[in-house]
Amino acid sequence: MIAENELASVLQQPDRAGVYHLPQRGGNAITQAARELDFRVLRVDLSGCADKADFLARIAAGLHFPDWFGQNWDALADCLADMAWLPADGYVIILEHADRFRVAAEADFIAALETFDEAAREQAADGIPVWIFVGLTANGIVHLRTL
């Protein structure tokens with residue numbers, strides 16, 4: 001993991017943003033660094049989440065999606081690509097306790113990570129860093145980078 005005193009510098013880099021494994025002890029440091037940068041920090045508790053519908057409902061609530069959110073992958077991509085209803089210089093999204101969702105609905109878990117990663121790349125093109133940290137007990141998940 002990157003040293004705590006370097007986190008703010010790293011979080012400001014849109015080209016490095018994307019989907020990462022949440023370090024076991026890094027959540028608080030990441031949150032603090034993001035808040036110092038006036039980034040939005042959004043936490044979504046996925047404890048017990050076992051399917052796509054529940055996942056999308058929790059994301060919509062946790063990220064304060066507008067009423068027009070369509071509860072599907074395309075709508076998720078649309079909301080993440082343009083977060084005008086929740087303006088910020090950058091975003092840190094922490095998906096806590098994602099183990100159950102990963103095991104119970106692996107294809108949907110992967111689709112979600114790919115959707116978040118694509119949105120981070122789109123926002124990076126506009127100079128807006130969007131960081132997604134996924135809390136899992138397992139390491140080495142192919143779709144997750146490490147800081």
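Okay, quick one to start: which residue in β3 does L42 stand opposite? It's I93. Keep that pair in mind while I walk you through the rest. One caveat up front: this is a predicted model.

So, what are we looking at? The UniProt record, an unreviewed entry, lists residues 40-134 as "domain: Barstar (barnase inhibitor)". Over that stretch the chain is 48% helix and 18% strand. The C-alpha atoms at the two ends sit 16 Å apart.

Let's do the strands. β2 and β3 pair in the parallel sense, over six bridges, and L42 facing I93 belongs to that part of the picture. On to β4, which covers residues 130-134. Strands β3 and β4 run parallel too, joined by five bridges. If you want a pair to click on there, Y91 has V130 in β4 as its bridge partner. So β3 has pairings with β2 and with β4. And is β3 mostly covered or mostly open? Mostly covered: five of its six residues are buried.

Now the charged side chains. As a reminder, side chains of opposite charge can pair when their charged atoms come close. How many salt bridges does the structure hold? Four.

Let me take R43 with E96, where the closest N and O atoms are 2.6 Å apart. This pair links distant parts of the chain: R43 is in β2, residues 40-45, and E96 is in β3, residues 91-96, which puts them 53 residues apart. R43 itself is partly exposed, at 33% relative accessible area.

Next up, R58 and D54. Their closest N and O atoms are 3.0 Å apart. Here both partners lie in helix α3, residues 52-62, four residues apart, so about one turn of the helix. Both are partly exposed, R58 at 22% relative accessibility and D54 at 27%.

Then there's R121 with E118, with a closest N to O distance of 2.4 Å. Why are they about one helical turn apart? Because they're three residues apart in helix α6, which spans residues 106-125. R121 comes out at 47% relative accessible area, so it counts as partly exposed, and E118 is partly exposed as well, at 33%. There's a little extra here: salt bridges that share partners tie D117, E118 and R121 into one network.

So, if you open the model after this, try R43 with E96 across the two strands, then go to α6 and find the D117, E118 and R121 network. That's me done, thanks!

Terms used:
Residues numbered from 1 in each chain as written. Predicted model: local features only at pLDDT ≥ 70, side-chain atom pairs only at ≥ 80, totals over all residues. Heavy atoms only, no water. UniProt positions renumbered as here; feature names shortened; annotations may be inferred. Salt bridge = Lys/Arg side-chain N within 4 Å of Asp/Glu carboxyl O. Buried < 20%, exposed > 50% of the residue type's maximum accessible area, 1.4 Å probe, protein only. Pairing = 2+ DSSP bridges.
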